[in-house]
Structure formats: structure tokens, C-alpha cells
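Q: Could you take me through one part of this protein slowly, as if we were looking at it together? I'm in my first year and would like to see how its nonpolar and aromatic side chains are arranged.

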Amino acid sequence: MNDCVFCKIGSGQIPSRMVLQDEEVFAFEDLNPQAPVHVLVIPKRHVAAMNELQDSALLGRLFHVANLVAQKKGIAASGYRVVANTGKDGGQTVFHLHLHVLGGRQMNWPPG
Ligand code: AMP
Ligand code: ZN
């Protein structure tokens with residue numbers, strides 16, 4: 001998608017602090033971190049939100065990469081949270097599907 005910031009990050013047109021990637025998925029540091037570790041995991045191809053993702057293999061791959069991110073960032077043992085804000089009530093602001101991987105501190109429940 002031409003004017004999508006996360007499409008541009010996934011293809012390298014816009015710089016980001018990459019954590020890791022594979023053929024289909026790209027993980028990078030959030031610009032405005034909400035925890036000591038805050039990484040976004042996106043599909044390289046444009047998918048607007050969870051509602052649009054019919055590809056269960058890609059969904060699995062996103063979670064697999066979230067798992068690898070947690071290991072690489074050293075929070076796999078201490079614990080972390082994976083979040084996909086979806087739509088208006090979900091608090092989604094960038095309409096290219098992304099998983100937030102948050103950790104390095106105690107997460108609160110319920111979320112705000
Ligand atoms: P959400 O509210 O779930 O849609 O989350 C969007 C996230 O994208 C926020 O945490 C922003 O800080 C983050 N974000 C927006 N633009 C960029 C960017 N260019 N590089 C890294 N993170 C970004
Ligand atoms: Zn996009």
C-alpha cells in the first residue's frame with residue numbers, strides 16, 4: 001500500500017531499528033516505547049488489521065517471530081505481553097496489522 005508507513009518500514013523505504021526479520025515478517029523497535037522492551041511485529045505485505053487476516057500460516061508466523069523477539073530481547077523467561085490493538089475500540093492507530101511485544105517490567109491487568 002503506497003501511503004502506509006509500516007509497508008515502507010517493512011520494505012526498508014523508511015528506516016527503523018530492526019530486531020529481526022524473515023521472508024514474510026519484520027520486527028522493529030517501537031518509536032514511542034511503553035515498556036523497557038517494546039517491539040512491533042508486522043507482516044511485510046499489507047494487511048490492515050486482525051479482521052482482515054485469513055491466512056492462518058501468516059498469523060502463526062507472526063506469533064512465532066514474537067516468540068523469537070522475546071528470546072532475542074531477553075524477556076522470554078521473565079515474561080511479556082503480545083497485543084494486537086484492533087479497530088477503534090481496540091485503540092488501533094496504524095492500520096497495518098502489528099503485534100506489540102512488551103516486556104521488561106510488570107504488566108498491569110486489566111489494561112486501560
Ligand atoms: P497501535 O496504536 O496499536 O496502532 O500502535 C501503533 C504503534 O506504532 C505505536 O506504538 C507507535 O508508537 C508506533 N509507531 C508509529 N509510527 C512508527 C514508526 N515510524 N516507527 C516505529 N514505531 C512507530
Ligand atoms: Zn501497510
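A: Let's start on the surface, where Phe-63, Tyr-80 and Val-82 form a nonpolar patch. Together these three residues have about 240 Å² of accessible area. Keep in mind that this is a predicted model. Of the three patch members, let's pick out Phe-63, which sits in helix α2. Is Phe-63 buried or exposed, or something in between? Its relative accessibility is 43%, so Phe-63 counts as partly exposed. To be called exposed, a residue would need over 50%, while buried means under 20%.

Helix α2 also leads us inside. The largest nonpolar core has 19 residues, and among those with the most contacts inside it are Leu-62, Val-65 and Val-69. Ala-27, Val-39, Val-41 and Val-101 also belong to that well-connected group. Which elements give two or more residues to this core? They are the strands β1 (18-21), β2 (25-29), β3 (37-43) and β5 (99-103), along with helix α2 (56-72). Helix α2 gives the most, with six residues.

For a closer view of this core, try Ala-27. Leaving aside residues up to four places away in sequence, Ala-27 touches Val-65 and Val-69. Its other contacts, counted in the same way, include Met-18, Val-19 and Leu-20, as well as Val-39, Leu-40 and Val-41. Arg-17 is also one of the residues that Ala-27 touches. Leu-40 appears again in a second, separate core of eight residues, which also includes Cys-4, Cys-7 and Ile-9.

Now for the aromatic rings. There are two aromatic pairs. In one of them, the ring centres of Phe-6 and Phe-28 are 5.4 Å apart and their planes are at 80°, so this pair is edge-to-face; the cut-off for that label is over 60 degrees. Phe-6 lies in helix α1 (residues 5-10) and Phe-28 in strand β2, so the pair ties together parts that are 22 residues apart in sequence. Both Phe-6 and Phe-28 are buried.

The other pair joins Phe-26 and Phe-28: here the centres are 6.0 Å apart and the planes at 40°, so the pair is tilted. Phe-26 has 7% relative accessibility and therefore counts as buried. Phe-28 has 3%, so it counts as buried too. Put the pairs together and you have Phe-6, Phe-26 and Phe-28 in one aromatic cluster.

Notes:
Residues are numbered from 1 along each chain as its sequence is written. Chains are lettered from A and ligands numbered from 1 in the order in which they are written. This is a predicted model: local features need pLDDT of at least 70, side-chain atom pairs count only at pLDDT 80 or more; totals for chains, interfaces and linings use all residues. Side-chain values use heavy atoms; hydrogens and water are left out. A nonpolar core is a set of buried Ala, Val, Leu, Ile, Met, Phe, Trp, Tyr and Cys residues joined through side-chain atoms within 4.5 Å. Buried means under 20% relative accessible area, exposed over 50%, partly exposed in between (1.4 Å probe, protein chains only). Helices (H or I, at least four residues) and strands (E, at least two) are DSSP runs, numbered from the N terminus. Contact means heavy atoms within 4.5 Å. Patches are made of residues with over 30% relative accessible area and no salt bridge: like charges are joined within 9 Å, nonpolar side chains (Val, Leu, Ile, Met, Phe, Trp, Tyr) within 5 Å. Accessible areas come from the Shrake-Rupley method with a 1.4 Å probe; for residues, only the protein chains shown count as cover. A salt bridge is a side-chain nitrogen of Lys or Arg within 4 Å of a carboxyl oxygen of Asp or Glu. Rings of Phe, Tyr and Trp (its six-membered ring) pair if their centres lie within 6.5 Å; planes under 30 degrees apart count as stacked, over 60 as edge-to-face and the rest as tilted.
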